[in-house]
Amino acid sequence: MRQGLVYLILATSLALACAPPAGDTPPPTPTPAAPQAGLEGLVLIGPACPVIGKDTPCPDEPYEATLVVKESSTGRKVATVQSGPDGLFRVAVPPGEYLLEPQSPNPGAPPFAEPQRVAVEAGRFTPVQVLYESGIR
């Protein structure tokens, strides 16, 4: 009997020593991140050649550009993204309707590209292609 009491006291002491202090709450369980959404695509510029003919093809080329993403309904800017030397870009934005505004390095002169309305759905990146007019004709 006495040995059982000793074991009970030891077990209780060990349990109390391992328990978190009173008033502490366990850390919250992390919730999985929501899948991201946004825009991704390719920026090209063309034409790149002054003369284009059947025997002289002149494909559009990747272009580094600044793109501004604005909410369609309010015009509020939500993001700015720069395409890389390969013309590729990717920007995360919440689902919604947006206006993608390519920025011209020389406002009012080439190269320039037209703004595009784009819809972003939850959990996916919407593909977009932006074509800058080089001004070469």
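Does Thr 126 count as buried or exposed, and at what relative accessibility? In this predicted model, Thr 126 counts as buried, at a relative accessibility of 11%. The residue is found in strand 8. Its side chain reaches the backbone oxygen of Ala 119, at 2.8 Å. When neighbours within four places in sequence are left aside, the contacts of Thr 126 are with Gly 38, Leu 39, Glu 40, Ala 119, Val 120 and Glu 121.

The chain as a whole comprises one helix and eight strands. Read from the N terminus, the order of elements is α-β-β-β-β-β-β-β-β. Of the 137 residues in the chain, 28% are buried. Among contacts in the chain with a separation of 6 or more, 57% join residues that are 24 or more positions apart.

In soluble globular proteins, nonpolar side chains tend to be buried together. The largest nonpolar core of the present model contains 21 residues, and within this core Leu 39 and Tyr 132 touch the most other members. At least two residues of the core are supplied by each of strand 1, strand 3 (66-71), strand 4 (77-82), strand 5, strand 6 (96-102), strand 7 (116-120) and strand 8 (125-133). Leu 39 is also one of the residues in contact with Thr 126. Tyr 132, for its part, is buried, its relative accessible area being 0%.

A search for aromatic pairs across the whole structure yields one. This pair is formed by Tyr 63 and Tyr 132, and it is tilted because the ring planes stand at 55 degrees, with the ring centres 4.8 Å apart. Tyr 63 lies in the loop between strand 2 (61-62) and strand 3, whereas Tyr 132 lies in strand 8; the pair therefore ties together parts that are 69 residues apart in sequence. Tyr 63 counts as buried, with a relative accessibility of 17%, and Tyr 132 is likewise buried, at 0%.

Four salt bridges are present in the structure. In one of them, the side chains of Arg 90 and Glu 40 meet with an N to O distance of 2.4 Å. Arg 90 belongs to strand 5 (residues 88-92) and Glu 40 to strand 1 (residues 38-46), so this pair ties together parts that are 50 residues apart in sequence. Arg 90 is partly exposed, at 48% relative accessibility, and Glu 40 is partly exposed as well, at 28%. Arg 90 is further involved with an aromatic residue: its charged end sits over the ring of Phe 125, 3.5 Å from the ring centre. Glu 40, in turn, is among the residues in contact with Thr 126.

A further salt bridge joins Glu 71 and Arg 76, whose closest N and O atoms are 2.9 Å apart. Glu 71 is partly exposed, with a relative accessible area of 22%, and Arg 76 is also partly exposed, with a value of 48%. Another salt bridge is formed where the side chains of Glu 121 and Arg 124 meet, at 3.9 Å from N to O. Here Glu 121 is partly exposed, with a relative accessible area of 46%, and Arg 124 counts as partly exposed at 36%. Glu 121 is also among the residues that Thr 126 contacts.

Notes:
Residues numbered from 1 in each chain as written. Predicted model: local features only at pLDDT ≥ 70, side-chain atom pairs only at ≥ 80, totals over all residues. Heavy atoms only, no water. Helix = DSSP H or I, 4+ residues; strand = E, 2+ residues; numbered from the N terminus. Buried < 20%, exposed > 50% of the residue type's maximum accessible area, 1.4 Å probe, protein only. Core = buried A, V, L, I, M, F, W, Y, C linked by side-chain atoms within 4.5 Å. Polar contact = N/O pair within 3.5 Å; in protein donor to acceptor, adjacent residues only side chain to side chain. Contact = heavy atoms within 4.5 Å. Phe/Tyr/Trp six-rings, centres within 6.5 Å; stacked < 30°, edge-to-face > 60°. Lys NZ or Arg CZ within 6 Å of the ring centre and 35° of its normal.
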